Amino acid sequence: MIRHRPFGSGHAYQPSIDQRLPVRPLAGEPVNLGVAAAASVTAVRCEWDGGTFDLHREGTPTGPTAGAEGHLATAAAGQRGRSVRWAADSPPLPADRRVRYRFVATDGTRTRHTRWFDVSGAAWSPAGGTLTTHGTSRLVPDTTSWLMSPDGVHRVRFALRLTADEHVVGFGERFDRLDQRGHALDATVFEQYKGQGAAGRTYLPMPFAHVLGGSGWAFHVDTAERTWFDAGADLWVEADVVDGHLDVRFYDGTPGETLHRWLGEVGRPEPLPDWVFRLWASGNEWNTQERVATEMALHREHDVPVGVVVVEAWSDESTFVAFRDARYEVHDDGRPHRLADFTFPPDGAWPDPKGMVDDLHADGVKVVLWQIPLQKMRPHPTGQAAADSATMVARGYGVREGDGRPYRNRGWWFPTALMPDLTSAEARDWWLAKRRYLVEDVGIDGFKTDGGEHAWGHDLRYADGSVGATGNNRFPVHYAAAYGALLRSCGKAPVTFSRAGFTGSQPHGVFWAGDEDSTWEAMRSSLRAGLTAAACGIVYWGWDLAGFSGPVPSAELYLRATAMSAFLPIMQYHSEYNHHRKPSRDRTPWNVAAQTGDPRVLPVFRRYAHLRERLVPYLAASAARTIETGWPLLRSVCLVAPDDPRAWQHPYDYLLGDDLLVSPVVEEGSTTRSAYLPQGRWLDLRTHEVLDGAREVEVPAPADEIPVWCRLEAADRHRGLFTAG
């Protein structure tokens with residue numbers, strides 16, 4: 001076996017052993033050529049532009065980082081490669097023509113060769129494409145250049161003027177920092193399993209940001225192609241281009257004003273029902289009807305009000321449509337089933353799904369079911385899964401490779417799975433029809449639209465004409481939009497719960513920060529992600545309270561995370577699958593109390609859960625105002641006081657709506673909190689002390705409390721928030 005893929009697997013950050021580096025080489029420089037070969041191969045040579053040169057053996061790769069533990073980490077580890085890499089640098093590339101090359105491998109007495117490939121050297125030029133600016137341009141003159149080769153125009157780079165005191169905030173959901181001034185980053189949808197802040201990667205990027213601290217403006221690099229940013233003395237932008245053209249849009253004004261105008265162009269958030277602001281509860285091991293009923297009963301027993309249960313491990317893990325253990329007739333033509341087509345064994349995992357949902361509704365609890373946008377192909381599908389995959393292939397319902405073959409997922413989660421092309425109305429209708437009975441017959445209220453990051457490849461083809469990154473980055477937008485449309489067509493609110501997205505995701509449901517450990521740094525990282533996502537128009541956002549992976553959090557971390565989450569747009573907890581090993585790793589307050597032995601955990605969680613219930617009307621009204629005005633529901637104090645250097649020293653202080661100022665404690669062992677109060681007069685909701693703003697204050701912060709103020713003019717609405725009940 002010998003394989004060479006010039007663009008590799010499509011992994012955004014980790015080159016494949018069988019690709020060339022760089023993918024787009026420069027004229028006059030060599031390119032590193034790699035092939036993957038069987039361990040038995042003894043020699044590899046490259047036939048290059050009429051000559052030959054030998055490759056050298058580099059050994060077996062280590063594969064992607066798996067993470068510390070957990071079933072997702074196990075899946076990642078299972079994707080490590082087994083092939084041997086052979087590589088060498090080519091001669092320098094000519095500037096004016098393509099070079100043809102292929103590889104020949106010796107394996108004992110046999111030789112094998114790849115097909116022929118072409119490569120051309122590129123060069124930067126001041127001319128070649130068209131960069132169009134809209135609004136008050138901040139483009140630095142004479143900085144625009146185009147990367148061109150005999151194959152066309154590939155990329156553009158240019159600089160935007162920054163002044164010394166300006167800060168740059170946005171770029172979608174960013175885990176590493178609030179202010180990106182002095183740092184470099186990129187915008188491409190990627191599934192980073194834990195450690196997003198350290199890795200500088202995100203599920204939900206956007207090439208949009210605010211520039212604060214000067215005149216006040218924002219910009220949008222209007223593309224779904226991959227973009228890069230370096231916010232140094234000036235803001236350098238680099239972007240892959242399609243058809244040699246790029247638009248950059250500028251907006252003047254406050255963050256609320258610029259957001260309002262931009263969202264009018266890319267998609268304004270939609271109002272969701274008040275119940276999304278209640279407590280969401282889930283655990284990946286709640287994988288039977290009995291377990292779900294038990295956990296909901298424990299919420300009632302412990303007087304912890306819950307509004308939503310997210311049921312993740314409900315399906316057969318094959319079709320992701322049928323409940324596990326359900327019996328039904330296979331539809332060989334891939335047509336959908338209705339609830340009446342299923343029978344549910346009394347001793348099965350889900351003996352009465354509709355009865356369960358009806359009971360939960362009677363208790364005031366909404367039900368959200370987990371989904372994945374993949375048709376699983378490993379192990380080899382049987383039954384309905386085989387019929388559905390055959391239907392997808394026969395009717396062309398999947399995303400396609402550049403050569404027309406069905407795309408097979410290259411990621412580590414559900415590898416080789418087919419992916420539905422949700423830009424095709426016919427494919428989308430077929431995919432959603434199979435899930436319609438869950439809404440119309442079973443009565444569920446929403447979908448957890450997990451895993452929208454699996455489109456990898458520079459030449460993937462979509463039915464709407466998108467190719468490569470343009471379609472890949474927009475895939476999670478189409479994914480949430482499709483499931484929202486299904487819910488709406490069934491008379492339900494379009495409540496989806498996603499971690500991935502891109503520009504245009506703002507109208508499509510609820511978001512959470514993705515997979516993280518139970519650590520203090522993960523808490524800080526997640527809050528940064530929420531503040532930056534909100535700055536880009538994401539209204540309904542939360543995180544896995546105190547993390548979802550690994551051992552249960554300490555009591556102190558759990559208490560701090562609970563208090564902070566009570567004052568975020570979405571409050572929810574979740575835990576990773578741990579094979580039902582003991583002790584349990586559920587993030588329920590009673591389990592964390594039992595595991596930590598701290599008697600404060602359950603009563604404090606209960607107190608904040610009831611406080612959250614009292615906050616629901618305010619959150620609903622504030623979300624409506626956010627949609628109307630553009631000012632984020634969750635907004636950093638830096639957005640409301642961008643000209644005050646003291647505000648930038650408090651990146652974890654934020655406003656929740658117009659009235660409430662929140663200063664969560666995010667450092668272990670802290671008993672006080674330094675906070676920044678913006679302009680105005682503020683009422684401490686714990687002590688009822690009135691303080692003047694535009695200054696920093698130091699306040700006590702016991703482990704079971706969170707510093708919260710309200711604007712004095714709103715005191716009558718919030719004065720009893722901490723003491724009511």
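# A guided tour of a predicted chain

Begin with the whole chain and colour it by charge: there are 77 positive and 91 negative side chains, and the centres of the two sets lie 4 Å apart. Please keep in mind throughout that this is a predicted model.

## The whole chain

Keep everything selected and turn the C-alpha trace along its principal axes, where the spans are about 85 × 70 × 45 Å. The radius of gyration is 27 Å, which agrees with the value near 27 Å that a compact globule of 725 residues would have. A cartoon display shows 15 helices and 37 strands. Of the 725 residues, 60% are buried. If contacts are drawn between residues at least 6 apart in sequence, 70% of them join residues at least 24 apart. Now switch to a surface: the chain exposes about 26200 Å², and carbon and sulfur atoms supply 49% of that area.

## Stop one: strand E19 and its partners

Select residues 227-231, which form strand E19. Which residues of this strand belong to the covered face, and which to the uncovered one? Thr227, Phe229 and Ala231 are on the covered face, while Trp228 and Asp230 are on the uncovered face.

Add residues 184-187, strand E16, which runs antiparallel to E19 and is joined to it by four bridges. Here Asp186 stands opposite Trp228. Next, add strand E20, residues 235-240. E19 and E20 are also antiparallel, with five bridges between them, and a hairpin of three residues connects the two. In this pairing, Trp228 stands opposite Glu238.

Continue along the chain to Asp243, in the loop between E20 and strand E21 (245-252). Most residues other than glycine have a negative phi. Asp243, however, has a positive phi of about 60° and is not a glycine. Is Asp243 buried or exposed? Its relative accessibility is 78%, so Asp243 counts as exposed.

## Stop two: helix H5

Move to residues 353-362, helix H5, and show the side chains. The buried residues of this helix are Pro353, Gly355, Met356, Val357 and Leu360. An α-helix has 3.6 residues a turn, so residues three or four places apart point the same way. Within H5, the buried residues include Pro353, Met356, Val357 and Leu360, and the reader may examine their directions in the viewer.

What covers the buried residues of H5? The cover includes helix H4 (289-301), strand E23 (308-311), strand E24 (366-371) and helix H8 (436-442).

Centre the view on Val357, which lies in H5. Val357 counts as buried because its relative accessibility is 1%, and the cut-off for buried is under 20%. Apart from neighbours within four places in sequence, Val357 is in contact with Val367, Val442, Gly443 and Ile444. For a distance exercise, draw a line from the C-alpha of Val357 to that of Gly398: the two residues are 41 apart in sequence and 32 Å apart in space.

Just after H5, select Gly364, which takes a positive phi of about 80°.

## Stop three: two cis peptide bonds

Most peptide bonds are trans. Select Arg378 and Pro379: the peptide bond from the one to the other is cis, with omega near 0°. Pro379 lies in the loop between E24 and helix H6 (383-395).

Then go to Lys582 and Pro583, where the peptide bond is likewise cis, with omega near 0°. Where is Pro583? Pro583 is in the loop between strand E29 (571-573) and helix H12 (589-596).

## Stop four: strand E34 and its partners

Select residues 681-684, strand E34, together with strand E35; the two pair in the antiparallel sense over three bridges. Trp682 of this pairing stands opposite Leu691 in E35. The two strands form a hairpin with five residues between them, and His688 in the turn has a positive phi of about 65°.

Add residues 708-711, strand E37, which pairs with E34 in the antiparallel sense over three bridges. In this pairing Asp684 stands opposite Trp709.

Finish at Ala694, in the loop between strand E35 (690-692) and strand E36 (695-700). Ala694 is not a glycine, yet its phi is positive, at about 60°. With a relative accessible area of 21%, Ala694 is partly exposed.

Definitions and conventions. Residues are numbered from 1 along each chain as its sequence is written. Side-chain values use heavy atoms; hydrogens and water are left out. Buried means under 20% relative accessible area, exposed over 50%, partly exposed in between (1.4 Å probe, protein chains only). Contact means heavy atoms within 4.5 Å. The radius of gyration is taken over C-alpha atoms; the globule rule is 2.2 Å times the number of residues to the power 0.38. Accessible areas come from the Shrake-Rupley method with a 1.4 Å probe; for residues, only the protein chains shown count as cover. Lys and Arg count as positive and Asp and Glu as negative; His and the chain ends are not counted. The place of a charge is taken as NZ of Lys, CZ of Arg, CG of Asp or CD of Glu. Two strands pair if DSSP finds at least two bridges between them.
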